[in-house]
Structure formats: C-alpha cells, structure tokens
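Please open the model in your viewer and keep the sequence panel beside it, since this tour goes from one selection to the next. At each stop you will be told what to select and what is there.

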Amino acid sequence: MEQLFNTEINKNLNEAEFEALLQEFKTDYNQTHFVRNKEFKEAADKLQGPLRQIFVEFLERSCTAEFSGFLLYKELGRRLKKTNPVVAEIFSLMSRDEARHAGFLNKGLSDFNLALDLGFLTKARKYTFFKPKFIFYATYLSEKIGYWRYITIYRHLKENPEFQCYPIFKYFENWCQDENRHGDFFSALMKAQPQFLNDWQAKLWSRFFCLSVYVTMYLNDCQRTNFYEGIGLNTKEFDMHVIIETNRTTARIFPAVLDVENPEFKRKLDRMVVSYEKLLAIGETDDASFIKTLKRIPLVTSLASEILAAYLMPPVESGSVDFAEFEPNLVY
C-alpha cells in the first residue's frame, strides 16, 4: 500500500488534485449538520410493534457499517502518514466523517433505550488484509451505492412526508454528500493507479465487484421489505433504481460494468432471491443437519448458477480515464 502512494515511485499521482481534495475535506461542510432535536425521542416513542424493531435493526446495521468505515480509514491514514501525508490526512478526515455518522446513529439507538458498545467493536474486531485494488473497487462502490441509497430515500420522503416516521431521514441530503466525496476520493486514487483500470483483468474485477455489491444489497434488502414498506417504498423498485444509478456513476471510472438495465439482469436477481429465501427457510426447520445439507445442495447450485450467468452477461464497456503513456512498475 505504501509504495502505491510514494510520489517518487508513482508519477501518476496528481498532487494538485489530492491537495484540492484535502482542502475540500478540511472545509467540513457537515460540521454542524448532525445536531439532534426533540423530534427524535418523540418519534421513537410513537414507533411501536414490528415497525419499532425494524427501525432498531436499521440503526444497528447502519451504525456498525459506518463504524467499520471509520476503522478502515483510520488504519489507512495511520499507515500512509510518512509515505504521503496529504493522502493520509484525507483518510483521517474521512474517518472523522464515518465516526460522526456512527455516533449520530448510536444516539438514535438511545431513543429506543439501546446503544452499541463501539469501543468493544474496536477491541474485538479481526482484521483481514486485501490487496489495495480490491479495497479501492469495493470501497468506491460502497460509498457510491450509499450515496444513491440515502439521496433516494431523502427525495422519496420529501415528496411523501406522511412516511417520515423518524427524523434521521431528514439529514440524508447532506449526509449522502459525505458518501459522494469519499467515492470521488477513491476515484482519484484509482486514476492514480492505471494498472487497476486499463487491462483485461481490471475489467473482470470491476464486473466481479459490481455484481458482488449489487447482489448482496438485493438479497439482504429483500429480507427486510417491512422496513422499506414502512417508509412507503417498494423494495425491489428501490433497489433497482439504486443499482442502475450506481452503475451509471461507476461507469465513469470502471473499465467495464454490468448491463443492469437489461431486463434479464433483474429477472436473474429475482430468481436468486427465491433460492436464497428457500435456503433461509431450510435453516429454520427442525430437520437433522445432514438432511438440511442435502436440501441445500440444489438451491446453492441454482443460486451460484444465476450469479455466474449474471456475471457472464455481455458487459458494458465504460471508463473515461485518460492514462499516462507509461505504466510505473509498482508492487501491490
């Protein structure tokens, strides 16, 4: 990782661009945005029954995800402090944003008389190390898909205020801009590493990470339709809108993306949901372990075949990055 950001080794690093990004992060547009008011507790007290539990689960998942981002960016900032102070400081400022988001969500849990022990998550967390290019692909997609999720929910609730059952969604318009800026930073990082974007392997990995992120979101959200219905959204329509918009954004930097606007792609996703739900149902039965395993085999095979078929669909050639004529000899 350190060698990728050494300005003496990698001549593709656009120092002026990273300096400009640093100044934007230092501006801290949302410094005073995450200020709570009495609406939060009042709204939480009105939420009862299944919807209340759904919102608690939403806050827990979101808080854990944001805190994971904080840990990742903090670690990257620490590792790059000597190699590239500018990039290291940007990572540190992004960790500030993620910590602020996690803290805001955790305060939301207090409205429901709950709280996550984030200190325990820090101590108990096990680190898995991946190649930098994998971190870049996955995190860029995570930030951009987060942006489209937040802004879509915000716009929907602005147009349909009768579903505004908890005030945290009113903060999503500014909140999602943090996600967007983080994604733009990773876009700049990838442009500084042409080998991550300009060969046949990059095209395969780009499609793989797109598919992984889209399928994971679609399968997970289809298990939580009550949450989306609770705020007046159709889960599958919402997810497809987010996937399509994220894919269009991603096409600006990735050399190839999935053809998610082909109707067959959604049909494959829906077939994956059917197999996945049957797998979950088997896990809830009282059958013996070996019986469960036997029942799972055809479903796992079906799910895997649909995922593979989606990956093998003709891709959309994309990317608009102007690369330098030379390629630095980097170790990663």
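**First stop: Asp 221**

Select Asp 221 and show what surrounds it: leaving aside residues up to four places away in sequence, Asp 221 touches Arg 149, Tyr 228, Thr 235, Phe 238 and Asp 239, where a contact means heavy atoms within 4.5 Å. Asp 221 belongs to helix 8, which covers residues 200-221; helices (H or I, at least four residues) and strands (E, at least two) are DSSP runs, numbered from the N terminus. Is Asp 221 buried or exposed? With a relative accessibility of 4%, Asp 221 counts as buried, given that buried means under 20% relative accessible area, exposed over 50%, and partly exposed in between, with a 1.4 Å probe and protein chains only.

Before going on, note that this is a predicted model, in which local features need pLDDT of at least 70 and side-chain atom pairs count only at pLDDT 80 or more, while totals for chains, interfaces and linings use all residues. Residues are numbered from 1 along each chain as its sequence is written, and side-chain values use heavy atoms, with hydrogens and water left out.

**The whole chain**

Now zoom out and colour the chain by secondary structure. The chain has 12 helices and 2 strands, and from the N terminus on the elements follow the order α-α-α-α-α-α-α-α-α-α-β-α-α-β. Of the 332 residues in the chain, 48% are buried. Among the contacts in the chain with a separation of 6 or more, 82% are between residues 24 or more positions apart. If you switch on a surface, its accessible area comes to about 16,600 Å², and 53% of this belongs to carbon and sulfur atoms; such areas come from the Shrake-Rupley method with a 1.4 Å probe, and for residues only the protein chains shown count as cover.

**Two helix pairs**

Select helix 3 (residues 49-79) together with helix 7 (residues 172-191), which pack at an angle of about 35° with their axes 14 Å apart. The axes are lines fitted to C-alpha atoms, for helices over the stretch in contact, and the angles run from 0 to 180 degrees between N-to-C directions. On the helix 3 side you will find Phe 58, Glu 66 and Tyr 73, which meet Phe 172, Trp 175, Glu 179, His 182 and Phe 186 of helix 7. This crossing is left-handed, a term used if the near helix is turned anticlockwise from the far one by less than a right angle, whereas clockwise makes a crossing right-handed.

Next, select helix 10 (residues 235-250) and helix 11, whose axes come within 12 Å and cross at roughly 130°. The two helices are therefore oblique to each other; angles under 35 degrees count as roughly parallel, over 145 as roughly antiparallel, 65 to 115 as roughly perpendicular, and the rest as oblique. Lys 236, Met 240 and Ile 243 of helix 10 make the contact with Phe 265, Lys 266, Leu 269 and Asp 270 of helix 11, and the crossing here is right-handed.

**Charged pairs**

Stay on helix 11 and show the side chains of Arg 267 and Glu 264, which meet in a salt bridge with 2.9 Å from N to O. A salt bridge is a side-chain nitrogen of Lys or Arg within 4 Å of a carboxyl oxygen of Asp or Glu. Because Arg 267 and Glu 264 are 3 residues apart in helix 11 (residues 263-283), about one helical turn separates them. Add Lys 268, Arg 271 and Glu 306 to the selection, and you have a network of salt bridges that links these three with Glu 264 and Arg 267.

The structure holds 23 salt bridges. For another one, select Lys 26 and Glu 89, whose closest N and O atoms are 3.7 Å apart. This pair links distant parts of the chain, with Lys 26 in helix 1 (residues 15-27) and Glu 89 in helix 4 (residues 85-110), 63 residues apart. Lys 26 is partly exposed at 41% relative accessible area, and Glu 89 is also partly exposed, at 32%.

**Last stop: Tyr 29**

Finally, select Tyr 29, in the loop between helix 1 and helix 2 (39-46). How far apart in space are Tyr 29 and Asp 178? They are 8.7 Å apart, C-alpha to C-alpha, although their positions lie 149 residues apart in sequence numbering.
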